[in-house]
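Please read the report below alongside the sequence and the model, and follow each part of the chain as it is named.

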Amino acid sequence: MNHQITEKAKETIAIEAAAIQQLTGFVNEQFAAAIQAIYNAKGRLVVTGIGKSAIVGQKIVATLNSTGTPALFMHAADAIHGDLGMVQQDDLVMVISKSGESPEIKVLVPFIQQLGNPIIALVGNTQSFLAQSAQFVIACTVEKEACPNNLAPTTSTTAQMVMGDALAIALMTLNGFDGKDFAKYHPGGNLGKRLYLKVADLYVHNSIPKVMPNASLKEVIVEITQNRLGVTAVVENNNNLCGIITDGDLRRLLNKTDVLTNITAADIFTPNPKTIVPQALAVEALEVLKKYDISQLVVAENNQYLGIIHLHDLIREGII
């Protein structure tokens, strides 16, 4: 029984994978013309559909909005009962349908035509009523559904989803939408933080442990333990950075000698520590910490010591 289950699951994946591969043949002049029309439009892209295609349409709208193309979703059944008012003069309408012959689609399309808005058909049947009524046709034809009865929308909705992604990424490229734009549209959550959160946003909340080179060993230990960052900077006048002392440095010192009198910070600090500027992204600080397998990073600019950013700061913000 388990073998039968896994084989059927693998067969489903294989059928859908093959169908997706065949979609490349539909990325043609019609596809490019539709993309160009959306890009040049003064209005938005209104996406509509019925049944499973409507659900796919909602996902496509979400992807478009988050990648710089204004879009909204209009359910085909609701459109003919009042929601058609969502469509404004300069909008394009993309209708998603496998058959292109659904009753709701056949009722809706003529009303869109009366409004004068261009129609893009994302359709499986390129000979259908929808395809014949559209100014632009993006084909997403599949040979068969993964459903054993060839009935439940499976392969066809996967194809619609993938073609929607292709459409969104093509528009994203035309718009020159980059990481900074992405951060602007995704300010919340861990993804947004990785794109916009800077070292300066984090280190300022920490204490600023520091000692002079002539500080005694006791002063060094007190400074490290009081500030709870596992490190202290060693600075000269005007906060010029000389080096750092970590709690690991102290442990290594104690393992090497029992004679601790007259030891100063100058005797044990590590010169030229790894530093980062406050304008750097927090994710860049993470890369440095990972690369050198350290837990703290000195924040400095023009050799002026500013503070410490700790691995725990990045964990707390969800950067890791």
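## Two helices that cross

In this predicted model, helix 2 passes helix 7 in a right-handed crossing. Two packed helices are described by the angle between their axes and by the distance between those axes. For helix 2 (residues 29–40) and helix 7 (residues 155–174), the packing angle is about 55° and the axes are 10 Å apart. An angle from 35 to 65 degrees falls in the range called oblique, and helix 2 and helix 7 are therefore oblique to each other.

On the side of helix 2, the residues that meet helix 7 are Phe-31, Ile-35, Gln-36, Ile-38 and Tyr-39, while helix 7 contributes Met-163, Ala-166, Leu-167, Ala-170, Leu-171 and Leu-174. When the residues of this contact between helix 2 and helix 7 are sorted by kind, ten are nonpolar, one is polar and none is charged.

## A second partner for helix 7

Helix 7 also packs with helix 1 (residues 2–22), at an angle of about 40° and with the two axes 9 Å apart. Helix 1 and helix 7 are therefore oblique to each other, and helix 1 passes helix 7 in a right-handed crossing. The contact is made by Ile-15, Glu-16, Ala-19 and Ile-20 of helix 1, together with Thr-155, Thr-158 and Val-162 of helix 7. The residues of the contact of helix 1 with helix 7 divide into four nonpolar, two polar and one charged.

## The parallel sheet

Five strands form an open sheet with parallel pairing, and their order across the sheet is 2-1-3-4-5. Strand 2 (71–75) and strand 5 (136–139) are the edge strands, each of which pairs on one side only, and the twist from one strand to the next averages 20°. Helix 2 lies across strand 1, strand 3, strand 4 (119–123) and strand 5, and it runs at about 125° to strand 5.

Which residues stand opposite Val-47 in the strands on either side, strand 2 and strand 3? Strand 1 (residues 45–49) pairs in the parallel sense with strand 3 (residues 92–97) over five bridges, and here Val-47 stands opposite Met-94. Strand 1 also pairs in the parallel sense with strand 2, again over five bridges, and in that pairing Val-47 stands opposite Phe-73, while Val-46 stands opposite Leu-72.

## How the strands are covered

Strand 1 is mostly covered, for five of its five residues are buried. The covering applies to both faces of strand 1, with Leu-45, Val-47 and Gly-49 buried on one side and Val-46 and Thr-48 buried on the other. As for strand 2, four of its five residues are buried, so this strand is largely enclosed by the rest of the structure.

## Buried residues later in the chain

In helix 12 (residues 247–256), the buried residues include Gly-248, Asp-249, Leu-250 and Leu-253. The buried residues of helix 12 pack against helix 11 (217–227), strand 8 (241–246), helix 13 (265–268) and strand 9 (270–271).

Is Ile-276 buried or exposed? This residue lies in strand 10 (residues 275–276), and its relative accessible area is 8%; because the cut-off for buried is under 20%, Ile-276 counts as buried. Leaving aside residues up to four places away in sequence, Ile-276 touches Val-199, Glu-284, Ala-285, Leu-297, Val-298, Val-299, Ala-300 and Ile-309. Ile-276 and Leu-64 are 212 residues apart in sequence, and from C-alpha to C-alpha they are 36 Å apart in space.

## Two loop residues with positive phi

Most residues other than glycine have a negative phi. Asn-239 is not a glycine, yet it has a positive phi of about 65°. Its place is in the loop between strand 7 (231–235) and strand 8, where Asn-239 is partly exposed, with a relative accessible area of 23%.

Asp-293 likewise has a positive phi, of about 55°, although it is not a glycine. Asp-293 lies in the loop between helix 14 (282–292) and strand 11 (296–301). Its relative accessibility is 72%, and because the cut-off for exposed is over 50%, Asp-293 counts as exposed.

Note on methods:
Residues are numbered from 1 along each chain as its sequence is written. This is a predicted model: local features need pLDDT of at least 70, side-chain atom pairs count only at pLDDT 80 or more; totals for chains, interfaces and linings use all residues. Side-chain values use heavy atoms; hydrogens and water are left out. Two strands pair if DSSP finds at least two bridges between them. Axes are lines fitted to C-alpha atoms, for helices over the stretch in contact, and angles run from 0 to 180 degrees between N-to-C directions. Contact means heavy atoms within 4.5 Å. Angles under 35 degrees count as roughly parallel, over 145 as roughly antiparallel, 65 to 115 as roughly perpendicular and the rest as oblique. A crossing is left-handed if the near helix is turned anticlockwise from the far one by less than a right angle, and right-handed if clockwise. Ala, Val, Leu, Ile, Met, Phe, Trp, Tyr, Cys and Pro count as nonpolar, Asp, Glu, Lys and Arg as charged, and the others, Gly among them, as polar. Buried means under 20% relative accessible area, exposed over 50%, partly exposed in between (1.4 Å probe, protein chains only).
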